[in-house]
Each structure stands twice: as structure tokens, then as C-alpha cells.
Amino acid sequence: MTWPASFFFPHRVQVRDMVWQGGMGSVPGAPRTLIAEVIDERTLVRDKDSREVVSNSRVTVPDNAAVSVGALVTVWPGEPEEREAEVIRIGRDKNDPPLPSHQILWLT
């Protein structure tokens, strides 16, 4: 049995990856739209520097989305709850078909 992508990823998010600009540092790049599952909940997580920080949203995207820590993600685009937040931690869940492998993004 095959499940449609919308079963696992019923929402859409916009991601702006950080682009290195040499001596200017990193700046957000052009937005790209990804299918996702968005869950707004407060969770205590460790960031890339092992500091405890509060995450306000957890976003699941397909594994091939290749999102990096530091990227900016807009959740609920076009809705009153729309907001942009930074990716502070990434996890991966590898699965055998028919389940999709995915990235789990924790946002500020």
C-alpha cells in the first residue's frame, strides 16, 4: 500500500537557507516551499553549541529537503499565525518504504 505525501506532510512551509557572502557573512537566500508537518509546541532542546534552548515549533520535512541549522523557516504562510523562525536543531528519521524518511526541524 502506498500513502500519499499529504498524509505525512499536510502543511507547507517556506525555507530560506543561509548563503555565505564571503566577508559579509551569511544572509538568507531566496525562499523555497516545502511540504511539511508543523506542530507548534514548546520543547526544551539542545542547539548546535549544546546549550539548552526553547523550541516553539517542530517541523517535519522530507529527508531530501536538505535543510541546515540556521535556515529561516516560515510556518503557516498566509495565515494569521504566520511567523519566521530559525532552525536550531535537526534530527533525522530513516525509514524503509512505504514510510518516508524525514528531517525533524526544531525552530526558535
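In this predicted model, Glu 81 has a relative accessibility of 49% and therefore counts as partly exposed, since the exposed class begins only over 50%. Glu 81 is located in the loop that runs between strand 6 (72-75) and strand 7 (83-93). Together with Asp 40, Glu 79 and Glu 82, Glu 81 makes up a negative patch on the surface.

The interior was examined next. In soluble globular proteins, nonpolar side chains tend to be buried together. The largest nonpolar core of the model comprises 16 residues, and the members that touch the most others are Val 13, Val 59, Val 61, Val 67, Val 73, Leu 105 and Leu 107. At least two residues of this core are supplied by each of strand 1 (11-16), strand 4 (32-46), strand 5 (52-62), strand 6, strand 7 and strand 8 (102-107). Strand 4 provides the largest share of the core, with three residues.

Charged pairs were then considered. Side chains of opposite charge can pair when their charged atoms come close. Across the whole structure, the search finds eight salt bridges, among them two that involve Asp 63. In one of these, the side chain of Asp 63 meets that of Arg 92, with an N to O distance of 3.4 Å. Because Asp 63 lies in the loop between strand 5 and strand 6 while Arg 92 belongs to strand 7, this pair ties together parts that are 29 residues apart in sequence. Arg 92 counts as exposed, as its relative accessibility is 53%. In the other, Asp 63 is joined to Lys 94, and here the closest N and O atoms are 2.5 Å apart. This second pair also links distant parts of the chain, for Lys 94 is placed in the loop between strand 7 and strand 8 and Asp 63 in the loop between strand 5 and strand 6, with 31 residues separating them. Lys 94, at 58% relative accessibility, is likewise classed as exposed.

A further set of charged residues is formed by Asp 47, Asp 49 and Arg 51, which are linked in a network of salt bridges. Within this network, Arg 51 pairs with Asp 49, the closest N and O atoms lying 3.4 Å from each other. Asp 49 has a relative accessible area of 45% and is accordingly partly exposed.

The backbone was also inspected. Most residues other than glycine have a negative phi, and most peptide bonds are trans. Ser 50, although not a glycine, has a positive phi of about 65°. Ser 50 occupies a place in the loop between strand 4 and strand 5, and with a relative accessible area of 47% this residue is partly exposed. A positive phi, of about 50°, is also found at Ala 66, which is not a glycine either. Ala 66 sits in the loop between strand 5 and strand 6, the loop that also holds Asp 63.

Finally, Ala 30 is situated in the loop between strand 3 (26-28) and strand 4. With a relative accessible area of 65%, Ala 30 falls in the exposed class. The C-alpha atom of Ala 30 is separated by 18 Å from that of Asn 64, a residue 34 positions away along the chain.

Note on methods. Residues numbered from 1 in each chain as written. Predicted model: local features only at pLDDT ≥ 70, side-chain atom pairs only at ≥ 80, totals over all residues. Heavy atoms only, no water. Patch = residues over 30% accessible without salt bridge, like charges linked within 9 Å, V, L, I, M, F, W, Y side chains within 5 Å. Areas by Shrake-Rupley, 256 points an atom, 1.4 Å probe, with all protein chains shown as cover. Salt bridge = Lys/Arg side-chain N within 4 Å of Asp/Glu carboxyl O. Lys, Arg positive; Asp, Glu negative; His and termini not counted. Charge placed at Lys NZ, Arg CZ, Asp CG, Glu CD. Helix = DSSP H or I, 4+ residues; strand = E, 2+ residues; numbered from the N terminus. Buried < 20%, exposed > 50% of the residue type's maximum accessible area, 1.4 Å probe, protein only. Core = buried A, V, L, I, M, F, W, Y, C linked by side-chain atoms within 4.5 Å.
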